[in-house]
Amino acid sequence: SDVFIVVGLVMLLPRLLRGRVAASPVYLLGAMTLLFIALLSFVLIPQAGQVQAGFGIVYALIVMPLAIVLWRPSGRRITLLASSYVLGTCVSVLYGVINGPGPDGRNLGLTFHPNGLGHTALMSIALLPYLAAVRPSARLLLALAGAISAYGIWISGSRGSLIGLVLTALVYVLIERSATAALFAWGGATVLVLAWPRLSSENS
């Protein structure tokens, strides 16, 4: 996937160079803070692989978003990108189900680490409200994709992704202020409470 991203950025380079950064001050402040903390942690406590991890964070949270801001894709293209991400995540989860869990009981899907499967599934769920708003006729398929992605979080064994799912649901309730959103958040919180004995056990 990295190869395709790099090729895509090279193909978009003429357009990116003509674009202008219009990111919010809050985002730029967060990006600079993240970069400063990453550099500071490396200087204070250097560890093997820390530079690679730092570059990965900067690439994912700063370079890619700014490239998209410079690109300024149309609404139709954004919908296509979001739909492709959700579809790819569903394929990854189904691949993990077919191949079964690893020795530690956690599924990888098409990722390199179980947490990767959990995080991508969480991102997939976070895109669903947008897709439901722009493609209301596809809500049944989007609900199915949401169920598959939620199951992906569960079989990945990622506690961070599960907690992130509940927090995402709560944020959605605060933004939408609807009964459906509240029901979704209540369901997520219930799952977290029921799963907590498993999450907090020694062999979790």
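Trainee: Which element gives the most to the lining of the largest pocket?

Mentor: That's α3, with nine residues. Keep in mind that this is a predicted model.

Trainee: Okay, and which other elements help line the largest pocket?

Mentor: Look for elements that put in two or more residues: besides α3 (50–71), you get α1 (2–18), α4 and α5. The full lining runs to 38 residues, and Ser1, Ile5, Met64, Tyr85 and Thr120 lie nearest the pocket's centre. The volume is about 2000 Å³.

Trainee: How many of those lining residues are nonpolar, polar or charged?

Mentor: Sort the lining by class and you find 25 nonpolar, 12 polar and one charged.

Trainee: What about the second largest pocket?

Mentor: Read that one the same way. Its volume is about 910 Å³, and 31 residues line it, with Ile125, Leu128, Pro129, Tyr172 and Phe184 nearest the centre. Here α7 gives the most, nine residues, while α5, α6, α7 (159–176) and α8 (179–200) each supply at least two. By class, that lining has 23 nonpolar, six polar and two charged residues.

Trainee: Now the nonpolar cores. Which residues make up the largest one?

Mentor: A core is a set of buried residues linked through their side chains. The largest has 12 residues, including Val86, Cys90, Leu117, Leu128, Leu142 and Ile155. Two or more of its residues come from each of α4 (75–99), α5 (114–134) and α6 (139–156). There's another core apart from it, of nine residues, among them Ala121, Ile153, Leu192 and Ala195.

Trainee: What is Leu142 in contact with, beyond its neighbours within four places in sequence?

Mentor: Leu142 is in contact with Leu128, Leu131, Ala132 and Arg135.

Notes: Residues are numbered from 1 along each chain as its sequence is written. This is a predicted model: local features need pLDDT of at least 70, side-chain atom pairs count only at pLDDT 80 or more; totals for chains, interfaces and linings use all residues. Side-chain values use heavy atoms; hydrogens and water are left out. A nonpolar core is a set of buried Ala, Val, Leu, Ile, Met, Phe, Trp, Tyr and Cys residues joined through side-chain atoms within 4.5 Å. Buried means under 20% relative accessible area, exposed over 50%, partly exposed in between (1.4 Å probe, protein chains only). Helices (H or I, at least four residues) and strands (E, at least two) are DSSP runs, numbered from the N terminus. Contact means heavy atoms within 4.5 Å. On a 1 Å grid over the protein atoms alone, a cavity is a set of points where a 1.4 Å probe fits but cannot get out, and a pocket is an open set with protein on both sides within 12 Å along at least five of seven lines; lining residues have an atom within 4 Å of a point. Grid points are joined across faces, edges and corners, and a volume is the space filled by probe spheres set on the points. Ala, Val, Leu, Ile, Met, Phe, Trp, Tyr, Cys and Pro count as nonpolar, Asp, Glu, Lys and Arg as charged, and the others, Gly among them, as polar.
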